[in-house]
Amino acid sequence: METSTNYLFPIIMKNKIFILVFYLLYFTIAKSSNFEIKVAVNLNDCVKCNGYLYSLNNISNKYKITFLLSSTMVEDSLYIMEEIVGSKIKNFKVLISDSLYKLYSNTSQNYFTAFKNNNKILGSLLRNIDSRVDTLNELSFENGDSIQLDFKPDIRFKSIIKNNLLYLLNPQKNNLIVTNLVNSTSFGLSLNEQLLVDIYKKSFNGSTENLSIAENYFKSVNQKLPFKISSFFVGDKSLYLMVYSEYLKDTMIDSRLDTVILPIIALLVYNKGAVSPIIYPLSTKLLNNEYSFSQFEFSVLENYLYVNVLKNKIILKDNNHKWICKCKLDDMLYLDTNNCINIPKIHNELELGNNYSEYKLNGDYLINKITNELINYKTKKSKELKIPFNKIILSKTNGFDDEIRFIIVDMKINHNIVELLVFEDSSYKYISYNILTDKMINKFEIYKDIKLLKSAPQFFSNNLFYIVPKAKNLIIIKDIKPI
């Protein structure tokens, strides 16, 4: 028996017909879609059925949801529908089909199968749906999709996409905007005065005296006390913010007492579900006589903080010039320059010093944005990718006039394949490279109307990248393919 319907089935006991009319109000048929989820319902596995089905509400509305029933379940179909209606799924249909049920069911448990363009993309027990939602939503994005935002994005100020959430730092409003890419909802994470007090207490053994002195000083010169988000990093279970403020200190300069303004920098760790962050003050513990560190570039990997260090006295052709050092996240953060990755070779070759030290990190690897040197952050081993790239040409008069002819704007690792988005010859290009065979696989142009963009393209997911057009509050997703 095979029946496709958006109404409850005619094989129902007469004394239950009035219940049928009540439930009809909740049923809708999904619109035509390239995406579908078929759920084979097993009555013997419906003790927690309602909870699993409710999770389907978190899936992109691109998916057409079809519940598969066997003809032997018709007598119990009202119970099944009650479970479905209780989950408040808005977009589904029911199909009675013994053949399809047999094809997509599990012998003893509820099972779902997801399709894209009629091709199976994922199958799993329904009780595992929570762990699959992000993957399904990620697979639902296609070329040409646009995601509306309620603010003007500018990914020049760092952006991260993780689990279908876009994290974007907005320096103008001094907050971190987090946008759900599936439903376009967003919220901002901002700093507040109480947090500033807590940072000062943590930094100065419980005292707020330095804060009071700083506040009084800045008020006297009609300035606000700086308290800004410098950078951020998104981990699997935590969100990390690097924040900056200032304090005043009396010190002897040229045999006379003077007051200087010094930075106070803290790492804030927001663990999943926590309202308040853990505070790690960094203002002095990550400094030594030889190196300071950049508050604008950091990563947190395996409970270690990786910071971009800056050599205080530049020595040209210094082969031991440190670049990225790691520090364990505990109450006594300090800079261990014995555990560092050295500056890329091109920096020594061109005598760049601390300049152009930004990097992209993905998986176990990182790469400086103006070189072809790929580095494994765990082993510190590097390899020069055999890709054509143009070295930076330094201006003899002004550093702002340096000619950057090749720059890596994004990088990701997929198994043994390195994928790069690069700017070269006035357009954006895609490069893929096999690090096992040490050979370039592809290189082609993907976007050339650079005047239409607010910032450089970035990887999205799978075989997609996204762009931010000028004067529009949205991002647009495009296929990675030659133009």
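In the predicted model, the lining of the second largest pocket comprises, by class, 19 nonpolar, 20 polar and eight charged residues. This pocket holds about 1,300 Å³ of space. In total, 47 residues line the second largest pocket, and D134, N163, N164, L165 and N180 are those that lie nearest its centre. Several elements give two or more residues to this lining, among them the helix α5 (129–139) and the strands β3 (63–69), β7 (146–148) and β9 (165–170). The strands β10 (175–180), β11 (186–190), β13 (238–253) and β14 (256–271) likewise give two or more residues each to the lining of the second largest pocket.

Enclosed space was examined next. The structure holds three cavities of 30 Å³ or more. In the largest cavity, the space amounts to about 60 Å³. Its lining is made up of I314, I315, L316, K317, D318, H321, I343, H347, N348, E351, L352 and G353. Divided by class, the residues lining the largest cavity are five nonpolar, four polar and three charged.

On the surface, a nonpolar patch is formed by Y217, V221 and I261, which together present about 230 Å² of accessible area. Of these patch members, V221 is placed in the loop between α7 (209–220) and β12 (228–234). The relative accessible area of V221 is 35%. V221 therefore counts as partly exposed, a class that lies between the limits of 20% and 50%. The value for V221 also satisfies the requirement of over 30% relative accessible area that applies to members of a patch.

Backbone geometry was considered for two asparagine residues, N117 and N462. Most residues other than glycine have a negative phi. In N117, by contrast, phi is positive, with a value near 55°. N117 is located in the loop that runs between β5 (111–116) and β6 (119–125). With a relative accessible area of 42%, N117 is partly exposed. A positive phi, of about 50°, is also found for N462, which is not a glycine. The position of N462 is in the loop between β28 (458–459) and β29 (464–467). The relative accessibility of N462 is 40%, and this residue is accordingly classed as partly exposed. Thus N117 and N462 each occupy a loop between two strands, and a positive phi accompanies partial exposure in N117 as well as in N462.

Notes: Residues are numbered from 1 along each chain as its sequence is written. This is a predicted model: local features need pLDDT of at least 70, side-chain atom pairs count only at pLDDT 80 or more; totals for chains, interfaces and linings use all residues. Side-chain values use heavy atoms; hydrogens and water are left out. On a 1 Å grid over the protein atoms alone, a cavity is a set of points where a 1.4 Å probe fits but cannot get out, and a pocket is an open set with protein on both sides within 12 Å along at least five of seven lines; lining residues have an atom within 4 Å of a point. Grid points are joined across faces, edges and corners, and a volume is the space filled by probe spheres set on the points. Helices (H or I, at least four residues) and strands (E, at least two) are DSSP runs, numbered from the N terminus. Ala, Val, Leu, Ile, Met, Phe, Trp, Tyr, Cys and Pro count as nonpolar, Asp, Glu, Lys and Arg as charged, and the others, Gly among them, as polar. Patches are made of residues with over 30% relative accessible area and no salt bridge: like charges are joined within 9 Å, nonpolar side chains (Val, Leu, Ile, Met, Phe, Trp, Tyr) within 5 Å. Accessible areas come from the Shrake-Rupley method with a 1.4 Å probe; for residues, only the protein chains shown count as cover. A salt bridge is a side-chain nitrogen of Lys or Arg within 4 Å of a carboxyl oxygen of Asp or Glu. Buried means under 20% relative accessible area, exposed over 50%, partly exposed in between (1.4 Å probe, protein chains only).
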